[in-house]
Amino acid sequence: MSWAVEEWKEGLSPRVLQKIHELESQVDKLKKECQQRQFQLESLEAALQKQKQKVENEKNEAATLKRETQSLMELCDSLEKAKQKISHDLQVKESQINIQSGQLNSSKKEIERLEQELKR
C-alpha cells in the first residue's frame, strides 16, 4: 500500500525528494508537538477545573462559617441579655431582702420594747 502513496514521487529530482522528505519529517514533528500541546492543554484544563472546584468549596465553607459566626453572635447577645436580666433580678431580690431584714430588725426591737414594757 505504501507503494501507492509513494508513487506520485516517481520521476522527481533527488533534490525535490530530499525537500519532500524534510517537509514530511517536519509535518510528523509538528503533529507530535501538536499532540503534546493538546495533552498539556487538557491537563491544564483539568487542573483549572480542580482549582475552580476547590475555590467553590472554600466559598461554601466560608459561607457556612459566616452563618455559624452570625448564629454564635446572636447566641452571645441573647446570653448577655439573659445575664443582664438575671443580674437585675438579683439586685431587686437583694434589695427586697435588705428591706425585709430591716423590717425584721425593726420588729425585733419592737418585740423587745414590748417585752420590757410587760416586765414592768
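How many helices and how many strands does the protein chain have? Show it as a cartoon: there are two helices and zero strands. Keep in mind throughout that this is a predicted model.

**Whole chain**

Start zoomed out. Align the view with the principal axes. The C-alpha atoms then fill a box of roughly 160 × 25 × 15 Å. A compact globule of 120 residues would have a radius of gyration near 14 Å. The protein chain has 49 Å instead.

Switch on the surface. The protein chain exposes about 11700 Å². Carbon and sulfur atoms supply 57% of that area. Now colour by burial. Of the 120 residues, 2% count as buried.

Next, colour by charge. The protein chain carries 22 positive and 22 negative charges. How far apart are the mean positions of the positive and negative charges? They are 6 Å apart.

**The two helices**

Select residues 2–6 for helix H1. Then select residues 14–119 for helix H2. The loop between H1 and H2 holds lysine 9, a residue to return to shortly.

**A nonpolar patch**

Select Trp8, Leu12, Val16 and Leu17. Together they make a nonpolar surface patch of about 340 Å². Centre on valine 16, one of the patch residues. Valine 16 belongs to helix H2. Is valine 16 buried or partly exposed? Its relative accessible area is 39%, so valine 16 is partly exposed.

**From loop to helix**

Now turn to the charged pairs. Side chains of opposite charge can pair when their charged atoms come close. A search of the whole structure finds five salt bridges. Three of the stops below are among them.

Select lysine 9 and glutamate 24 and show their side chains. They form a salt bridge, with the closest N and O atoms 3.0 Å apart. What does this pair tie together? Lysine 9 sits in the loop between H1 and H2, while glutamate 24 lies in helix H2, so the bridge joins parts that are 15 residues apart in sequence.

Compare the two ends of the bridge. Lysine 9 counts as buried, at 10% relative accessibility. Glutamate 24 is partly exposed, at 33%. The cut-off for buried is under 20%, so lysine 9 falls on the buried side of it.

**A network late in H2**

Move along helix H2 to arginine 113. Add glutamate 110 and glutamate 117 to the selection. Glu110, Arg113 and Glu117 are linked in a network of salt bridges.

Take arginine 113 and glutamate 110. Their closest N and O atoms are 2.5 Å apart. Both residues lie in helix H2, three residues apart, about one turn of the helix.

Now take arginine 113 and glutamate 117. Here the closest N and O atoms are 2.7 Å apart. This pair also lies in helix H2, four residues apart, again about one turn.

Check accessibility across the network. Arginine 113 is partly exposed, with a relative accessible area of 41%. Glutamate 110 counts as partly exposed at 36%. Glutamate 117 is partly exposed too, at 46%.

**Two lysines and two distances**

Select lysine 29, found in helix H2. Is lysine 29 buried or exposed? Its relative accessible area is 58%, so lysine 29 is exposed. Draw a distance from lysine 29 to serine 13, C-alpha to C-alpha. The two are 16 residues apart in sequence and 24 Å apart in space.

Then jump to lysine 66, also in helix H2. Lysine 66 counts as exposed, at 65% relative accessibility. Draw a second distance, from lysine 66 to serine 78. Twelve residues separate them along the chain, and their C-alpha atoms are separated by 18 Å.

**Last view**

Zoom out again and keep the five salt bridges in mind. Find the loop-to-helix pair of lysine 9 and glutamate 24. Then find the network around Arg113.

Methods. Residues numbered from 1 in each chain as written. Predicted model: local features only at pLDDT ≥ 70, side-chain atom pairs only at ≥ 80, totals over all residues. Heavy atoms only, no water. Rg over C-alpha atoms; globule rule 2.2 N^0.38 Å. Buried < 20%, exposed > 50% of the residue type's maximum accessible area, 1.4 Å probe, protein only. Areas by Shrake-Rupley, 256 points an atom, 1.4 Å probe, with all protein chains shown as cover. Lys, Arg positive; Asp, Glu negative; His and termini not counted. Charge placed at Lys NZ, Arg CZ, Asp CG, Glu CD. Patch = residues over 30% accessible without salt bridge, like charges linked within 9 Å, V, L, I, M, F, W, Y side chains within 5 Å. Salt bridge = Lys/Arg side-chain N within 4 Å of Asp/Glu carboxyl O.
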